[in-house]
Amino acid sequence: QVQLVESGGGLVRTGGSLRLSCEGTGMRFNLNDMGWYRQAPGQQRELVASITVGGTLVYGDSVKGRFTISKDNFRNTLYLQMNGLTPDDTAIYYCNEVPALRIDGREYWGQGTQVTVSS
């Protein structure tokens, strides 16, 4: 059974840092492009960082230079180091394949982890 479990979110002040983790079961991170997505209140979910099977890193313009994505294929875990956080980074953060994993024709998402940045 496929499961993605995100953790590491919390409440931080502007300029603070957080490290998110995502553990996957029933899937192999080394066989898929993986990414971190986020969804702010009232907005569409967006891909903010991704890592390809070959190790190429891609970042959205809004997080470039502040966020770093990495993964541990042995532990099947994806990470997102977030530095220089601002209130605009407040959102629920999810990990998933890129594009998102589909099961029975529907996108599968974990529960996500809430990141709140206070000004």
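These are my notebook entries on what I looked up in this predicted model.

**Entry: the disulfide**

I began with the cysteines and found that the structure holds 1 disulfide. The bond joins Cys22 to Cys95, with an S to S distance of 1.7 Å. I then checked where the two partners sit: Cys22 is in strand β3 (residues 18-25) and Cys95 is in strand β9 (residues 91-97), so the disulfide ties together parts that are 73 residues apart in sequence. Buried or exposed, I wondered, are Cys22 and Cys95? Both cysteines turned out to be buried.

**Entry: the four-stranded sheet**

Next I traced the sheet that β3 belongs to. I noted an open sheet of 4 strands in the order β1-β3-β8-β7, paired antiparallel. Which strands stand at the edges? I found β1 (3-7) and β7 (67-72) there; each has a single partner strand, so one side of each is left without a neighbour in the sheet. On average, neighbouring strands here are turned by 15 degrees against each other, with direction ignored.

I looked at β3 and β8 together: they run antiparallel and are joined by 6 bridges. Across this pairing, Cys22 of the disulfide stands opposite Leu78 in β8.

On to the other partner of β8. Strand β8 (residues 77-82) pairs with β7 over 6 bridges, again in the antiparallel sense. I saw Ser70 standing opposite Tyr79 in β8. The hairpin of β7 and β8 has 4 residues between the strands, and I noted that Asn76 takes a positive phi near 50 degrees there.

How many residues of β8 are buried? I got 5 of its 6 residues, so I wrote this strand down as mostly covered, with buried meaning under 20% relative accessible area.

**Entry: the nonpolar core**

I kept a general point in mind here: in soluble globular proteins, nonpolar side chains tend to be buried together. In this model, the largest nonpolar core has 28 residues. I listed the ones with the most contacts inside this core: Trp36, Ile69, Leu78, Leu80, Met82 and Tyr93. Leu78 was already in my notes as the residue opposite Cys22. I also asked which strands each supply at least two residues of the core. My list reads β3, β4, β5 (46-51), β7, β8, β9 and β12.

**Entry: aromatic rings**

Then I turned to the rings, where I found 2 aromatic pairs. Tyr37 and Trp109 meet edge-to-face, at 4.8 Å centre to centre and with 90 degrees between the planes. Tyr37 is in strand β4 (residues 34-39) and Trp109 is in the loop between β11 (106-107) and β12 (113-118), 72 residues apart. Both Tyr37 and Trp109 are buried.

Tyr94 and Trp109 form an edge-to-face pair too, at 5.7 Å centre to centre and 70 degrees between the planes. Tyr94 lies in strand β9, 15 residues from Trp109 in its loop. Tyr94 is buried as well. I recorded Tyr37, Tyr94 and Trp109 as one aromatic cluster.

**Entry: arginines over rings**

My last search was for charges over rings. What lies over the face of Trp109? I found Arg45 there, at 3.7 Å from the ring centre. I also noted the charged end of Arg19 over the ring of Tyr79, 4.1 Å from its centre. Tyr79 was a familiar name by then, as the residue in β8 opposite Ser70.

How values were computed. Residues are numbered from 1 along each chain as its sequence is written. This is a predicted model: local features need pLDDT of at least 70, side-chain atom pairs count only at pLDDT 80 or more; totals for chains, interfaces and linings use all residues. Side-chain values use heavy atoms; hydrogens and water are left out. A disulfide is a pair of cysteine sulfur atoms within 2.5 Å. Buried means under 20% relative accessible area, exposed over 50%, partly exposed in between (1.4 Å probe, protein chains only). Rings of Phe, Tyr and Trp (its six-membered ring) pair if their centres lie within 6.5 Å; planes under 30 degrees apart count as stacked, over 60 as edge-to-face and the rest as tilted. A charge sits over a ring if NZ of Lys or CZ of Arg is within 6 Å of the ring centre and within 35 degrees of the ring normal. Two strands pair if DSSP finds at least two bridges between them. Axes are lines fitted to C-alpha atoms, for helices over the stretch in contact, and angles run from 0 to 180 degrees between N-to-C directions. A nonpolar core is a set of buried Ala, Val, Leu, Ile, Met, Phe, Trp, Tyr and Cys residues joined through side-chain atoms within 4.5 Å.
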